[in-house]
Amino acid sequence: MIPFRLLILAILCYIGWRILRRFVLSKPTETVLDDTGQGPDPELQDVLVEDPVCHTLIPRNQAIRLRKNDTTYYFCSDECCDQFSEHYEKGAQ
Ligand SMILES: [Zn+2]
């Protein structure tokens, strides 16, 4: 019964391919979420974020962004950003 075996093999291949395809397609689309839990919706961009250095609240769309280890930090100025970077680098070692 060679043709029957081939049919089974073909079905298994098909199922395997379907599962693989579903697995690949179901990969979650990457959305940028921050600690406020809001996505990249333009209407939600203008939320206040806290500068971790001087603790000033700044509108997120005007803040200076720094990405470290999948976390985005927001700063009121380059000085704060640099200060944080230095501090972070020291702390990481
Ligand atoms: Zn600052």
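This briefing covers the zinc site, the β3–β4 hairpin, the nonpolar core and the salt bridge of the structure above. The model is predicted. A zinc ion is held by Asp 51, Cys 54, Cys 76 and Cys 80. Strands β3 and β4 form a hairpin. The largest nonpolar core has five residues, among them Cys 80. The structure holds one salt bridge.

**Zinc site**

- Four residues coordinate the zinc ion: Asp 51 through OD, and Cys 54, Cys 76 and Cys 80 through SG.
- The coordination distances run from 2.0 to 2.2 Å.
- The arrangement is tetrahedral, because the four donor atoms subtend angles of 98 to 119° around the zinc ion.
- Along the sequence, the donor residues follow the spacing D-x2-C-x21-C-x3-C.
- Two of the donors, Cys 54 and Cys 80, link distant parts of the chain and lie 26 residues apart.
- Cys 54 sits in the loop between β1 (48–50) and β2 (57–59).
- Cys 80 sits in helix α2, which covers residues 78–92.
- Is Cys 80 buried or exposed? Cys 80 counts as buried, because its relative accessibility is 8%, under the 20% limit.
- Cys 54 counts as partly exposed, at 35% relative accessibility.

**Nonpolar core**

- The largest nonpolar core is made up of Leu 66, Phe 75, Cys 80, Cys 81 and Phe 84.
- Helix α2 gives the most to this core, with three residues.
- Cys 80 therefore has two roles in this picture: it is a zinc donor, and it belongs to the core as a buried residue.
- Cys 81 touches Ile 64, Leu 66 and Phe 75, leaving aside residues up to four places away in sequence.
- Two of these contacts, Leu 66 and Phe 75, are also members of the core.

**The β3–β4 hairpin**

- β3 spans residues 64–68, and β4 spans 71–75.
- The two strands run antiparallel and are joined by five bridges.
- Which residue is the bridge partner of Leu 66 in β4? The partner is Tyr 73.
- Two residues lie between the strands of the hairpin.
- Asn 69 is in the loop between β3 and β4. Its phi is near 45°, a positive value in a residue other than glycine.
- Asp 70 is in the loop between β3 and β4 as well. Its phi is near 65°, again positive in a residue other than glycine.
- Asn 69 is exposed, with a relative accessible area of 63%.

**Lys 68**

- Lys 68 belongs to strand β3.
- Lys 68 counts as buried, because its relative accessibility is 14%, under the 20% limit.
- Lys 68 touches Tyr 73, Ser 85, Tyr 88 and Glu 89, again leaving aside residues up to four places away in sequence.
- One of these contacts, Tyr 73, is the bridge partner of Leu 66.

**Salt bridge**

- Which side chains meet in the salt bridge? They are those of Arg 67 and Asp 70, at 3.7 Å from N to O.
- Arg 67 is exposed, with a relative accessible area of 51%.
- Asp 70 is exposed too, at 69%.
- Both partners count as exposed because their values, 51% for Arg 67 and 69% for Asp 70, are over 50%.

Note on methods:
Residues numbered from 1 in each chain as written. Predicted model: local features only at pLDDT ≥ 70, side-chain atom pairs only at ≥ 80, totals over all residues. Heavy atoms only, no water. Salt bridge = Lys/Arg side-chain N within 4 Å of Asp/Glu carboxyl O. Buried < 20%, exposed > 50% of the residue type's maximum accessible area, 1.4 Å probe, protein only. Donors = N, O, S within 2.8 Å, 3.2 Å for Na, K, Ca; no water. Tetrahedral: all angles 85-135°; square planar, octahedral: opposite > 155°, others 65-115°. Helix = DSSP H or I, 4+ residues; strand = E, 2+ residues; numbered from the N terminus. Core = buried A, V, L, I, M, F, W, Y, C linked by side-chain atoms within 4.5 Å. Contact = heavy atoms within 4.5 Å. Pairing = 2+ DSSP bridges.
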